[in-house]
Amino acid sequence: MKLFFRIAAFCLAVVFSTTCVAQRLRSPWDGQTIKLTDAGYKCPDPPEFAKSLYAESYYTDEHHSIIDPTKKEAFEDATEAPTHLGQYVGLAADAYLQKGSRAAAQCAYSLLTAAAQAKAWSEKMPTNNATYEQKWLLSRTAMAYLKIRDSGVGSAEDDKLIQKWFAMLAGRIRDYVDDKRRNPNSDAWNNHLYWAGLAVAAAGVAANNKGDFHWGLDAYKTGASEIGPQGQLPRELARAGMALHYHLYALAPLVMLAELGEANGVDLYAEKNGAIDRLARLCEAGLQNPEIFAKATGVAQNVPDKISGFEIGWAVPYVKRHPDAQLSQWIAQAATVRFWQWGGLPPGWKQS
């Protein structure tokens with residue numbers, strides 16, 4: 001009898017283990033049927049890799065709302081290589097999704113494996129702004145990777161190498177945020193936390209690392225708890241003339257995190273009585289009438305000439321769950337809904 005129970009327990013353990021392996025963390029792009037084609041794709045040369053970078057803030061006032069053009073240029077020069085890597089990978093991944101291009105998927109894999117082999121920008125960064133670039137690098141490359149991981153063009157060795165690199169970056173980001181959380185006035189509590197959450201959660205999905213995935217979801221929950229009854233984020237309102245801009249900038253990673261949650265059966269859209277809906281409605285109202293934010297801050301807002309990817313890309317997946325005529329109109333009119341910091345085209349985008 002004892003032998004029977006031991007055998008039964010062993011069999012259950014094997015079944016449970018097999019089930020767990022089969023149930024990997026999912027992305028919004030899983031389950032799509034994309035037929036590989038011979039559509040051409042010109043793959044750019046990878047940028048020059050480094051393990052670290054030095055970048056300083058380009059804002060000149062205490063609200064971080066006034067940009068010094070010279071400092072902004074210096075920042076862009078310092079971060080050009082990781083920015084280009086993310087852009088290249090995102091464009092290639094989107095070309096694979098839209099055209100089934102084998103060459104595009106191979107391009108994305110080649111760029112990612114080269115960066116992973118170089119352990120690109122994976123060291124502890126010397127400045128806050130350099131650490132910001134580290135998380136944006138991870139958010140855009142990990143999200144792009146999720147688009148191509150089932151293409152069949154990458155080898156198991158490629159995937160292992162890329163996922164290991166993602167895990168290195170995620171560890172750096174988690175360490176930075178966890179250390180800064182001891183200060184309630186730090187950047188570990190504003191939009192930077194949400195972008196860090198997206199980066200780490202996407203890396204978690206890529207590597208099937210539930211610890212990283214749930215760390216990212218917890219960042220979302222912190223963000224949802226910050227959203228006020230009218231949809232306002234107090235820390236972003238403090239950005240004076242950039243308050244509308246930074247509400248939109250905070251909303252984007254929250255929507256993308258919610259989509260990662262949805263793909264894995266976690267309803268983040270309902271968190272804190274649907275707090276993200278209040279934020280989305282406020283952002284929509286602000287784009288229609290920036291005076292709402294001008295009155296709240298006492299400062300005229302920096303408003304884009306045209307609504308494009310940064311301002312409206314988040315709405316592509318959002319309106320599929322929360323239909324909105326105005327948002328849909330802006331999506332249709334936008335020149336692009338792509339934004340490099342979430343890996344190119346957003347989840348749910350279908351080329352017409």
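In the predicted model, helices H5 and H6 are oblique to each other, because their packing angle of about 140 degrees falls outside the ranges that count as roughly parallel, roughly antiparallel or roughly perpendicular. Helix H5 spans residues 128-148 and helix H6 spans residues 156-180, and their axes lie 10 Å apart. The crossing in which H5 passes H6 is left-handed. On the H5 side, the contact is formed by Asn128, Thr131, Tyr132, Gln134, Lys135, Leu137, Leu138, Thr141, Ala142 and Tyr145. On the H6 side, the residues involved are Asp159, Ile162, Gln163, Trp165, Phe166, Leu169, Ala170, Arg172, Ile173, Tyr176 and Lys180. Sorted by class, this contact comprises twelve nonpolar, five polar and four charged residues.

Helix H6 also packs against H7, at an angle of about 150 degrees and with 9 Å between the axes. Since angles over 145 degrees count as roughly antiparallel, H6 and H7 are therefore roughly antiparallel to each other. H6 passes H7 in a crossing that is again left-handed. From H6, the residues Gln163, Phe166, Ala170, Ile173, Arg174 and Val177 take part. Their partners in H7 are Leu193, Ala196, Ala199, Val200, Ala203, Ala206 and Ala207. Eleven of the residues in the contact of H6 with H7 are nonpolar, one is polar and one is charged.

A further packing pair joins H5 to H3, with an angle of about 15 degrees and an axis separation of 9 Å. Angles under 35 degrees count as roughly parallel, so H3 and H5 are roughly parallel to each other. This crossing, too, is left-handed. H3 contributes Pro82, Thr83, Leu85, Gly86, Val89, Gly90, Ala93, Asp94, Tyr96 and Leu97, which meet Glu133, Leu137, Arg140, Thr141, Ala144, Lys147 and Ile148 of H5. The contact of H3 with H5 contains nine nonpolar, four polar and four charged residues. Leu137 and Thr141 of H5 are listed both in the contact with H6 and in the contact with H3.

Empty space within the model was examined next. A search of the whole structure returns one cavity of 30 Å³ or more. The largest cavity encloses about 70 Å³. Its lining consists of Thr131, Tyr132, Lys135, Ile173, Tyr176, Val177, Asp187, Ala188, His192, Leu193 and Ala196. Helices H5, H6 and H7 each provide at least two residues of this lining. By class, the cavity lining has seven nonpolar, two polar and two charged residues. Several of these residues also belong to helix contacts, among them Thr131, Tyr132 and Lys135 of H5, which meet H6, and Leu193 and Ala196 of H7, which likewise meet H6.

The largest pocket has a volume of about 1,000 Å³. It is lined by 39 residues, of which Tyr58, Tyr59, Trp136, His192 and Tyr246 are the closest to the centre. At least two lining residues come from each of helix H2 (69-78), helix H3 (80-99), H5, helix H7 (191-207), helix H9 (234-237) and helix H10 (243-263). H5 gives the most to the pocket lining, with five residues. The lining of the largest pocket divides into 13 nonpolar, 16 polar and ten charged residues. His192 is named both among the residues closest to the pocket centre and in the lining of the largest cavity.

Conventions:
Residues are numbered from 1 along each chain as its sequence is written. This is a predicted model: local features need pLDDT of at least 70, side-chain atom pairs count only at pLDDT 80 or more; totals for chains, interfaces and linings use all residues. Side-chain values use heavy atoms; hydrogens and water are left out. Axes are lines fitted to C-alpha atoms, for helices over the stretch in contact, and angles run from 0 to 180 degrees between N-to-C directions. Helices (H or I, at least four residues) and strands (E, at least two) are DSSP runs, numbered from the N terminus. Angles under 35 degrees count as roughly parallel, over 145 as roughly antiparallel, 65 to 115 as roughly perpendicular and the rest as oblique. A crossing is left-handed if the near helix is turned anticlockwise from the far one by less than a right angle, and right-handed if clockwise. Contact means heavy atoms within 4.5 Å. Ala, Val, Leu, Ile, Met, Phe, Trp, Tyr, Cys and Pro count as nonpolar, Asp, Glu, Lys and Arg as charged, and the others, Gly among them, as polar. On a 1 Å grid over the protein atoms alone, a cavity is a set of points where a 1.4 Å probe fits but cannot get out, and a pocket is an open set with protein on both sides within 12 Å along at least five of seven lines; lining residues have an atom within 4 Å of a point. Grid points are joined across faces, edges and corners, and a volume is the space filled by probe spheres set on the points.
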